[in-house]
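Let us take a friendly walk through this structure, starting from a single residue and working outwards. Here it is.

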Amino acid sequence: MSKSEKRAQTFLYIGVLLALIAADWHWYLGEFAGESFVTGLSFMKVVYVLWIGAIIICLAVSGVFFWKLRKQEAAYTRKNKRRHEKKRRA
């Protein structure tokens, strides 16, 4: 597994984990809105928006790394295909 593939998978896993935590947090706020003093703090909406932003960034970075890997593999395959065709002609 290459470095880029490890990075892509890491960002993907972090993004999914952050999304699951955000979904759980959203459910918790819906069920027990008045029971936690943390939900009443003034900066919690900013934290929520930043959390969603972090999810989007992680998933986007993962997508970019996977896209680059796919592009590299396609170029490598094309290069090897041409090389094999030249050997067959010779």
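W51 is partly exposed, because its relative accessible area of 27% falls between the 20% limit for buried and the 50% limit for exposed residues. Please keep in mind that this is a predicted model. W51 sits in helix 2. Setting aside residues up to four places away in sequence, W51 touches L18, I21 and A22. The C-alpha atoms of W51 and A22 are 7.5 Å apart, although 29 residues separate the two along the chain. Two of these partners, L18 and A22, belong to the buried residues of helix 1.

Now for the wider setting. The protein chain contains two helices and zero strands. Helix 1 covers residues 3-31, which makes 29 residues. From first C-alpha to last, helix 1 reaches 42 Å, close to the 42 Å expected at 1.5 Å a residue. Its buried residues are A8, G15, L18, A22 and W25. Helix 2 runs over residues 44-89.

Three residues of helix 2 can be set side by side:

| Residue | Relative accessible area | Class |
|---|---|---|
| L50 | 58% | exposed |
| W51 | 27% | partly exposed |
| S62 | 2% | buried |

S62, also in helix 2, counts as buried because its relative accessibility is 2%, and the limit for that class is under 20%. What does the side chain of S62 reach at 2.9 Å? The answer is the backbone oxygen of A8, a residue that is itself buried in helix 1. Leaving out neighbours within four places in sequence, S62 is in contact with A8, F11 and L12.

L50 offers another view of helix 2. With a relative accessible area of 58%, L50 is exposed, since the class begins over 50%. L50 is also part of a nonpolar surface patch, together with F37, V38, L41, F43, V46 and V47. The accessible area of this patch is about 650 Å² in total.

Finally, some figures for the chain as a whole. Buried residues account for 14% of the 90 residues in the protein chain. The accessible surface of the chain amounts to about 7,600 Å², and carbon and sulfur atoms supply 64% of that. Of the contacts between residues at least 6 apart in sequence, 77% link residues at least 24 apart. The contacts that W51 makes with L18, I21 and A22, and those of S62 with A8, F11 and L12, are worth a look in the viewer.

Key. Residues are numbered from 1 along each chain as its sequence is written. This is a predicted model: local features need pLDDT of at least 70, side-chain atom pairs count only at pLDDT 80 or more; totals for chains, interfaces and linings use all residues. Side-chain values use heavy atoms; hydrogens and water are left out. Patches are made of residues with over 30% relative accessible area and no salt bridge: like charges are joined within 9 Å, nonpolar side chains (Val, Leu, Ile, Met, Phe, Trp, Tyr) within 5 Å. Accessible areas come from the Shrake-Rupley method with a 1.4 Å probe; for residues, only the protein chains shown count as cover. A salt bridge is a side-chain nitrogen of Lys or Arg within 4 Å of a carboxyl oxygen of Asp or Glu. Helices (H or I, at least four residues) and strands (E, at least two) are DSSP runs, numbered from the N terminus. Buried means under 20% relative accessible area, exposed over 50%, partly exposed in between (1.4 Å probe, protein chains only). Contact means heavy atoms within 4.5 Å. The expected span of a helix is 1.5 Å times one less than its number of residues. A polar contact is a pair of N or O atoms within 3.5 Å; within protein, one must be able to donate a hydrogen and the other to accept it, and residues adjacent in sequence count only if both atoms are side-chain atoms.
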